[in-house]
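Biologist: I am new to this structure, so could we look at it together before I ask about its parts?

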Amino acid sequence: MTKLIKNGTIVTASDQFYGDILIDDGIIVMIGADLDAQGAEVVDASGCYVFPGGIDPHTHLDMPFGGTVTKDDFESGTIAAAYGGTTTIIDFCLTSKGVPLKNAVDVWHAKSKGKAVIDYGFHLMVAEVNDDVLLELPRIIEEEGITSLKVFMAYKNVFQADDGTLFRTLQLAKEQGALVMVHAENGDVIAYLIEQALRNGQTDPIYHALTRPPELEGEATGRAAELTGLADSQLYVVHVTCAEAVRKIAEARERGLRVYGETCPQYLVLDQSCLEKPDFEGAKYVWSPPLREAWHQQVLWDALWNGQLQTVGSDQCSFDFKGQKELGQGDFSKIPNGGPTIEDRFSILYSEGVRQGRISLHKFVDIVSTASAKLFGLFPRKGTIAIGSDADLVIFDPHVVRTISASTHHMKVDYNAFEGMEVTGQPRSVLVRGEFVIRDNAFVGVPGSGQYLRRQRFNRPDRLPDKEKTIGGVF
Ligand code: URP
Ligand code: ZN
Ligand code: ZN
């Protein structure tokens with residue numbers, strides 16, 4: 001089935017032009033002005049931008065955490081993502097010490113199969129490195145196309161790995177062409193500060209932030225960057241929140257190290273004072289690392305603009321306020337960490353970023369889509385609008401003004417951290433591989449239609465250009 005998207009303003013990370021896009025069999029086959037195609041379904045995009053589909057490199061769907069499980073699974077989470085203009089997610093597959101990695105990957109396939117409405121891949125957590133892992137990991141990278149590995153430097157006695165594990169993972173990643181991701185906070189010192197606070201009767205949500213100061217994020221970020229340099233490997237720091245961490249990433253990059261950084265919408269528009277809301281409402285804003293003092297927001301916007309940070313992931317990790325966040329009443333350390341962000345990432349970045357003059361339109365496309373495609377082995381199949389790329393497209397109306405609210409969002413969770421925020425611009429229609437998932441603001445997708453993505457290794461294209469095949473032959 002062919003489709004012709006007509007009269008949109010097509011915007012990529014590098015170009016902007018007025019024109020039409022012809023889609024055949026899920027692939028972009030032609031881009032030009034005044035295209036005509038016999039028998040094609042014509043979709044009018046007048047007055048709208050046409051962006052490459054958003055790529056969210058950081059989600060936790062159907063994930064057990066803090067004695068409970070995230071509210072949104074691969075069905076509700078990807079439907080909400082699609083409403084928000086995201087056509088690909090990369091979710092974190094959790095592992096446990098002593099359990100074959102393949103078992104963990106199979107669990108994540110079972111969680112997503114038959115449910116996802118957009119395409120998806122997995123990052124793989126590394127909890128330990130031993131002979132079994134050294135044998136199994138290269139096989140997983142090859143067979144599953146999982147080319148990014150996650151090491152937690154915090155969450156002591158839960159997910160936290162030691163520096164030796166991080167270093168050995170970096171060495172293995174260098175050898176295998178994988179990208180190592182870190183949650184960079186000093187988990188040992190945080191564990192002590194939490195114990196001290198609780199001993200002093202400091203149990204309210206705000207103490208979550210006060211026991212995880214920015215110095216401990218900066219310290220862990222710098223340590224991970226140093227180990228990356230020593231291993232001559234590559235590192236991606238997830239959910240960067242503060243000036244201290246940005247500085248360490250910038251310094252490493254100035255030295256020529258392959259160190260990249262991501263921030264999240266919540267750190268760009270919310271601040272630490274949210275944790276002081278009365279009636280335990282502060283628990284809705286408990287993320288790790290925590291929200292920071294408001295002045296850090298400008299540092300993050302600047303870092304995105306000047307390339308010190310490359311991407312914005314949602315870190316979607318939703319828990320209901322009722323019954324889930326409430327687990328931490330009387331003890332902030334028991335509040336499940338995370339929030340619902342998958343749906344509003346794209347709109348917040350456009351509205352607060354482009355409309356407010358903090359980033360350009362092309363930078364917006366880069367941080368919301370293209371840079372993640374490049375870093376995580378999906379480019380140019382995903383992350384751009386080009387002949388041969390998947391027709392993952394967002395027809396975006398830049399004029400619509402709406403107010404974010406739990407009463408209208410599509411996540412299953414019972415609150416929205418951005419409640420009451422007015423945003424300008426909204427995805428009107430969203431296509432994944434040429435099929436509508438959202439059409440004129442209504443969900444028309446099919447659970448299970450999302451495809452699992454085997455990704456290329458870091459900086460190593462799997463295939464050389466093929467002379468005979470040009471359309472769809474990139475892969
Ligand atoms: O608070 C957060 N960020 N929850 C999700 C898990 C993680 O650390 O990314
Ligand atoms: Zn984390
Ligand atoms: Zn996360």
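Biologist: Since this is a predicted model, I would like to begin with a single residue: is V394 buried or exposed?

Modeller: The model is indeed predicted, and V394 is found in strand β16, which covers residues 393-403. Buried means a relative accessible area under 20%, and V394 is therefore buried, with a value of 0%.

Biologist: Which residues does V394 touch, leaving out those up to four places away in sequence?

Modeller: Among the contacts of V394 are G85, F346, P427, S429 and V430. The list also includes a run of neighbours in the chain, namely Y49, V50, F51, P52, G53 and G54.

Biologist: What distance separates the C-alpha atoms of V394 and L179?

Modeller: V394 and L179 are 215 residues apart along the chain. In space, the separation of their C-alpha atoms is 28 Å.

Biologist: How many residues does the largest nonpolar core have, and which residues does L137 touch?

Modeller: The largest nonpolar core has 121 residues, and those with the most contacts inside it are F51, L124, L137, L166, V182, L270 and F364. Not counting residues up to four places away in sequence, L137 touches L101, L124, V126, L149 and L172. A second, separate core of 15 residues includes I21, I385, A391 and L393.

Biologist: Turning to helix α12, how far apart are its end C-alpha atoms, and at which residue does α12 bend?

Modeller: Helix α12 takes in residues 361-375, and at 1.5 Å a residue its 15 residues should span 21 Å, which agrees with end C-alpha atoms that are 20 Å apart. The helix nevertheless bends by about 55°, and the residue at which it does so is I367.

Biologist: Why can α12 be called largely enclosed by the rest of the structure?

Modeller: Among its buried residues are L361, K363, F364, V365 and I367, together with V368, S369 and T370. The helix counts as largely enclosed because the number of its 15 residues that are buried is twelve.

Biologist: Which residue just after α12 takes a positive phi?

Modeller: The phi in question is about 70°, and the residue that takes it, just after α12, is G377.

Biologist: Which residues coordinate the zinc ion (ligand 2), and how are they placed in the chain?

Modeller: The zinc ion (ligand 2) is coordinated at 2.1 Å by H183 through ND1 and by H239 through NE2. H183 lies in strand β12 and H239 in the loop between β13 and α8, so the pair ties together parts that are 56 residues apart in sequence. Both residues are buried, with relative accessibilities of 1% for H183 and 3% for H239.

Biologist: Why is the arrangement around the zinc ion (ligand 3) irregular?

Modeller: The protein donors of the zinc ion (ligand 3) are H58 (NE2), H60 (NE2) and D315 (OD), lying 2.0 to 2.2 Å from it. Four donors count as tetrahedral if all angles lie between 85 and 135 degrees. The arrangement is irregular because the four donor atoms subtend angles of 86 to 136°.

Biologist: How many residues apart are H58 and D315, the pair that links distant parts of the chain?

Modeller: The donor residues of the zinc ion (ligand 3) are spaced H-x1-H-x254-D in sequence. H58 sits in strand β6 and D315 in the loop between β15 and α11, and their separation is 257 residues.

Biologist: Finally, what distance separates the zinc ion (ligand 3) from the zinc ion (ligand 2)?

Modeller: The separation between the zinc ion (ligand 3) and the zinc ion (ligand 2) is 4.0 Å.

Notes
Residues numbered from 1 in each chain as written. Chains lettered and ligands numbered in written order. Predicted model: local features only at pLDDT ≥ 70, side-chain atom pairs only at ≥ 80, totals over all residues. Heavy atoms only, no water. Helix = DSSP H or I, 4+ residues; strand = E, 2+ residues; numbered from the N terminus. Expected span 1.5 Å × (residues − 1). Bend = angle between axes of the 7 residues up to and from the residue. Buried < 20%, exposed > 50% of the residue type's maximum accessible area, 1.4 Å probe, protein only. Donors = N, O, S within 2.8 Å, 3.2 Å for Na, K, Ca; no water. Tetrahedral: all angles 85-135°; square planar, octahedral: opposite > 155°, others 65-115°. Contact = heavy atoms within 4.5 Å. Core = buried A, V, L, I, M, F, W, Y, C linked by side-chain atoms within 4.5 Å.
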